[in-house]
Every structure is written in structure tokens, then in C-alpha cells.
Amino acid sequence: CVNFFQQHDVPVKIARPFNNYGPGLKINDKRVIPDIANNILNNKNIILHSDGSPTRTFCYIADAIIGYIKVLINGANSEAYNIGIEKPEISIKDLAEKMINIARDNFNYEGELEFKNNNDKNYLIDNPNRRCPSIDKAKEIIGFDPNIGLEEGLNRCLLWYYNLGNNVSL
């Protein structure tokens, strides 16, 4: 993209998403939040195929979309901007426990958190222990300032999946 901009002077804006989640993400997407939500909605135990120690930050989709629009409007051509959130950085285990607690309070969830080995020798082979973006550049240059907290975002996301599964009009 940068080379195309330099050679042809075509405007190019670059947004780098970091763990965006929320309504619209398919429940069978194979990402951690939809996977956990799927188990919760089917009242199944949540199974982690690791010790749950890798950490991530999760940016709710409403904040992410605002970031993408700001990149388009205010971003410099051929510059990349990280669109995500810096805090809280949370372990996958803690994320699962947080979602379990939300589900118990709101959906009568009775499942538990389990840890099991995966039979696929390539499972999580390229999985970083930490994924936490620096969004300083996006804050300073395009005014990106995500503000939907993880618990609020998870509540909204689980409610959306629940309503979708029960054919409630959103």
C-alpha cells in the first residue's frame, strides 16, 4: 500500500485492528470471545486448550469503527495506525472467568471452565503470549480514544448473541 501511494499518489490509509469484538462477529468464527459465547449460550463448559496465561486486550467494535473512520478522515497517507485498546490487558483464563460471571448473572449459565490438551500438534503453535498494541500514535494524530470498557462490551456482546439465538429483533 505504501509503495502504491509513493508510486501512483493514490491516497492510502492504513488501520491495524487489534482484537476487535462485538455484534456482527460470527459465533462460529473460531476467535476466543465468540467461542466462549457459543459455549455459554449452549450451556456447555468452556474448554481452554492452554493454561490460559497468554494476555490480550479487546477493543469493542463501536470504538474500533470510530477509530477506522478517524483513520480515513484524519490519518496521513501511507501511515499505519493501531486500532485497539491498551488496557485492560487480560489473560485468556481471566477473560473466560469474566464471561462466565456475566453469564451466570444474566443467563443462568451453569457451565465451568476446563483445561484440556488439544490433539492437534499445531494448535496455538503461532500464538503470541502477549498481544497489546500501542495506540499512542492513533491517540495523538487522529484523536482515537476508545472508551467502552471490557465488562460493558462483553455484556453487550453476550446479549447480542443471546438475542440473535432467540430470534429477537435487534
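**Exercise 1. Which residue follows α2, and what is the sign of its phi?**

*Solution.* The structure is a predicted model. Helix α2 covers residues 32–41. The residue to examine after α2 is Asn 43. The phi of Asn 43 is positive, with a value near 50 degrees.

**Exercise 2. Determine which residues of α2 are buried, and explain how they are placed around the helix axis.**

*Solution.* Step 1: apply the cut-off, by which a residue is buried if its relative accessible area is under 20%. In α2, this condition is met by Ile 33, Pro 34, Ile 36, Ala 37 and Ile 40.

Step 2: consider their directions. These residues cover an arc of only 160 degrees around the axis, and therefore they lie on the same side of α2.

Step 3: recall the general geometry. An α-helix has 3.6 residues a turn, so residues three or four places apart point the same way.

Step 4: identify the partners. The buried residues of α2 pack against two strands, β2 (20–21) and β3 (46–48), and against the helices α4 and α6 (150–165).

**Exercise 3. Describe the packing of α2 against α4 and classify the residues that make the contact.**

*Solution.* Step 1: state the geometry. Helix α4 comprises residues 92–107, and α2 packs with α4 at an angle of about 35 degrees. The two axes are 11 Å apart, and the crossing is right-handed.

Step 2: list the residues in contact. From α2 come Val 32, Ile 33, Ile 36, Ala 37 and Ile 40. From α4 come Ile 92, Leu 95, Ala 96, Met 99, Ile 100 and Ala 103.

Step 3: classify them. The contact of α2 with α4 contains 11 nonpolar residues, no polar ones and no charged ones.

**Exercise 4. Establish the strand order of the open sheet formed by 3 strands, and state which strands stand at its edges.**

*Solution.* Step 1: read the order, which is β7-β4-β9, with mixed pairing.

Step 2: find the edges. β7 (90–91) and β9 (130–131) each have a single partner strand, so one side of each has no neighbour in the sheet.

Step 3: examine one pair. Strand β4 (residues 55–56) runs antiparallel to β7 and is joined to β7 by 2 bridges. Within this pairing, Arg 56 has Ile 90 of β7 as its bridge partner.

**Exercise 5. Summarise the chain as a whole: how many helices and strands are there, and what share of residues is buried?**

*Solution.* Step 1: the secondary structure consists of 6 helices and 9 strands.

Step 2: the chain has 170 residues, of which 36% count as buried.

Step 3: the C-alpha trace spans about 55 × 40 × 25 Å along its principal axes.

Key: Residues are numbered from 1 along each chain as its sequence is written. This is a predicted model: local features need pLDDT of at least 70, side-chain atom pairs count only at pLDDT 80 or more; totals for chains, interfaces and linings use all residues. Side-chain values use heavy atoms; hydrogens and water are left out. Axes are lines fitted to C-alpha atoms, for helices over the stretch in contact, and angles run from 0 to 180 degrees between N-to-C directions. Helices (H or I, at least four residues) and strands (E, at least two) are DSSP runs, numbered from the N terminus. A crossing is left-handed if the near helix is turned anticlockwise from the far one by less than a right angle, and right-handed if clockwise. Contact means heavy atoms within 4.5 Å. Ala, Val, Leu, Ile, Met, Phe, Trp, Tyr, Cys and Pro count as nonpolar, Asp, Glu, Lys and Arg as charged, and the others, Gly among them, as polar. Buried means under 20% relative accessible area, exposed over 50%, partly exposed in between (1.4 Å probe, protein chains only). The arc is that of the directions from the helix axis to the C-beta atoms. Two strands pair if DSSP finds at least two bridges between them.
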